[in-house]
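Me: I should like to work through this structure step by step. Please answer each question with a short line of reasoning.

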Amino acid sequence: MLPGLAAAAAARRWSWPSWCRLRLRCWAARGACDRQEWQNLVTVGSFSSMAPCSHPYTCALNQGKLFSTNVQKEGPGSQAMKIEKVPTIDEAAENVGAGIKATLMKQEPLQVRVKAVLKKREYGPKYTQNNFITGVRAINEFCLKSSDLEQLRKIRRRSPHEDTESFTVYLRSDVEAKSLEVWGSPEALAREKRLRKEAEIEYRERLFRNQKILKEYKDFLGNTKPRSRTTSAFLKGPGKVVMVAICINGLNCFFKFLAWVYTGSASMFSEAIHSLSDTCNQGLLALGISKSVQTPDPTHPYGFMNMRYIASLISGVGIFMMGAGLSWYHGIMGLLNPQPMESLLWAYCILAGSLVSEGATLLVAVNELRRSAQAKGMSFYKYVMESRDPSTNVILLEDTAAVLGVTIAATCMGLTSITGNPVYDSLGSLGVGTLLGVVSAFLIYTNTEALLGRSIQAEQVQKLTELLENDPSVRAIHDVKATDLGLGKVRFKAEVDFDGRVVTRSYLEKQDFDQMLQEIQEVKTPEELEIFMLKHGENIIDTLGAEVDRLEKELKKRNPEVRHVDLEIL
């Protein structure tokens, strides 16, 4: 660029000082415009416009006039000299300044957009100012009275319980401030809490003593209360089967022990021990049934339904230790020290009566299991193998083992009476013990599986999953767990991916759009926008909670066996 200017200065016969001043002005003009505009303004050999000089080190230029010659031929052999007036440097600078000013005036003003950012709030590790607490907690934890709560702000919230739609809560910050106002200081409040805790412990001790005295009074004068749930549990279903089995096995145990004392038969002793173990185990089953129907309490929020499985497990262990163990022991002792037996007539009569009674109990258990399996839509074999009704299962297996045990004992005693060899009778005792060991092992395995938390059938899980996935507010279901709690009770848990657009639309359908548009138009500052978003954001979260409650109620309504539903928002 500068060599071109030098050539132009030489062509127009500029002096060296003028050329220096021109060069300084060119450098000043380059700082005012970019390279592209400079190339458009300055051309080699002519200066149509030039930027005014405002550089502090630029010297003032003297006024001068420059002329250049332009020789043109007018005809052959002749030349005419034409003199043109060249503008001065100051005039050229003024022309350039006017041109640059006009160009800058045409450009649009530069607009800078500033992004508004909401300042992040630091809540700290413990923030409870916006927490809600119920009136009961406010009275118990902050030592307030009902009259104190009447002066506080009351907030209606969606109830977590199925029997109520909404309930009243209070802001924790308001309750804390009120408690300090009532008690004066945190130390006084802590002292009052300690005194009330001691009074509560003393009250519970008095209540326990009073309940014990009341129980003794009822036992002395008789209980006139209506029939309880525990009593009604033994009049139908598994409870009825257990009570029938206890009565029959108790009688069988008594008569078998008489026959063993009279005959000295090892097989009869095994059968007597078998009936005794059955009676004791069925007593455990009755205890499990009575505990399983108790009302859930704060310590056991899901109830005591697993007590039936626990009682059945203990029963299986008892059969193994008492029934199988003693039968094996007596059979081995009979093989090592065979003893002659007396007349087996009474033993045969007792075994025949036992076969009839055990068979009747077995039929009662089979009928109850078949009826329960049909109600669940399962086969009899699958219902027994999965131990859906542990108490009846124990009765079924015990009575089956009893019938087979009576058959084994009668066969071995018959062989002994025919051959006169007491070894057959001892082998019968070992056979009964082995049979009881197999039954006890099966009971221990099935009840252990149930106590570990067994899943329900895959078809039933698929049915529950499809019910959720078909809902418009649900996008996907993940990590589905359906656990059998016992007695036909199911606990269902799943992580649900909700469609936020559907939930938001459900909230908007209940709003006044004109009022909402007016609120939006009134938003002018970031603070007003924050207030608007916090208000409707909290309402949308409440709507999401209502959607969760609706899905839980729908699951329980269509599947009565589902008692506990836990839907986690993904």
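Me: Which residue in E10 does Lys493 stand opposite?

Reply: The model discussed here is predicted. Strand E9 covers residues 489-498 and is joined to E10 by seven bridges, the two strands running parallel. Opposite Lys493 in E10 stands Asp566.

Me: Which strands are the edge strands of the sheet with the order E8-E9-E10?

Reply: This open sheet has three strands and mixed pairing. Its neighbouring strands are turned against each other by 15° on average, direction ignored. An edge strand pairs on one side only, and this applies to strand E8 (474-486) and strand E10 (562-569).

Me: What residue in E7 stands opposite Ile133?

Reply: Another open sheet has three strands in the order E5-E7-E6, with antiparallel pairing. Its edge strands are E5 (132-134) and E6 (155-158). Three bridges join E5 to E7, which spans residues 166-171. Opposite Ile133 in E7 stands Tyr170.

Me: At about what angle to E5 does helix H5 run?

Reply: Neighbouring strands of the sheet E5-E7-E6 are turned by 55° against each other on average, direction ignored. Helix H5, residues 135-142, lies across E5 and E7. The angle of H5 to E5 is about 85°.

Me: Are H11 and H12 roughly parallel or roughly antiparallel?

Reply: The axes of H11 and H12 are 9 Å apart, and the helices pack at an angle of about 170°. Their contact has 13 nonpolar, 11 polar and two charged residues. Angles over 145 degrees count as roughly antiparallel. Therefore H11 is, relative to H12, roughly antiparallel.

Me: Which helix gives the most residues to the largest nonpolar core?

Reply: The largest nonpolar core has 28 residues, and those touching the most other members are Val242, Leu285, Ile395, Leu396, Leu436 and Leu443. Elements that give two or more residues to this core include H10 (237-263), H13 (345-376), H15 (390-419) and H16 (423-451). With six residues, the element that gives the most is H15.

Me: Leaving aside neighbours within four places in sequence, which residues is Leu443 in contact with?

Reply: Leu443 is among the residues that touch the most other members of the largest nonpolar core. Once its neighbours within four places in sequence are left aside, its contacts are Gly316, Ile319, Val394 and Leu397.

Me: How many residues does the other core have?

Reply: This other core lies apart from the largest one. Among its residues are Val461, Leu468, Ile477 and Val503. The number of residues in this core is 21.

Methods
Residues are numbered from 1 along each chain as its sequence is written. This is a predicted model: local features need pLDDT of at least 70, side-chain atom pairs count only at pLDDT 80 or more; totals for chains, interfaces and linings use all residues. Side-chain values use heavy atoms; hydrogens and water are left out. A nonpolar core is a set of buried Ala, Val, Leu, Ile, Met, Phe, Trp, Tyr and Cys residues joined through side-chain atoms within 4.5 Å. Buried means under 20% relative accessible area, exposed over 50%, partly exposed in between (1.4 Å probe, protein chains only). Helices (H or I, at least four residues) and strands (E, at least two) are DSSP runs, numbered from the N terminus. Contact means heavy atoms within 4.5 Å. Two strands pair if DSSP finds at least two bridges between them. Axes are lines fitted to C-alpha atoms, for helices over the stretch in contact, and angles run from 0 to 180 degrees between N-to-C directions. Angles under 35 degrees count as roughly parallel, over 145 as roughly antiparallel, 65 to 115 as roughly perpendicular and the rest as oblique. Ala, Val, Leu, Ile, Met, Phe, Trp, Tyr, Cys and Pro count as nonpolar, Asp, Glu, Lys and Arg as charged, and the others, Gly among them, as polar.
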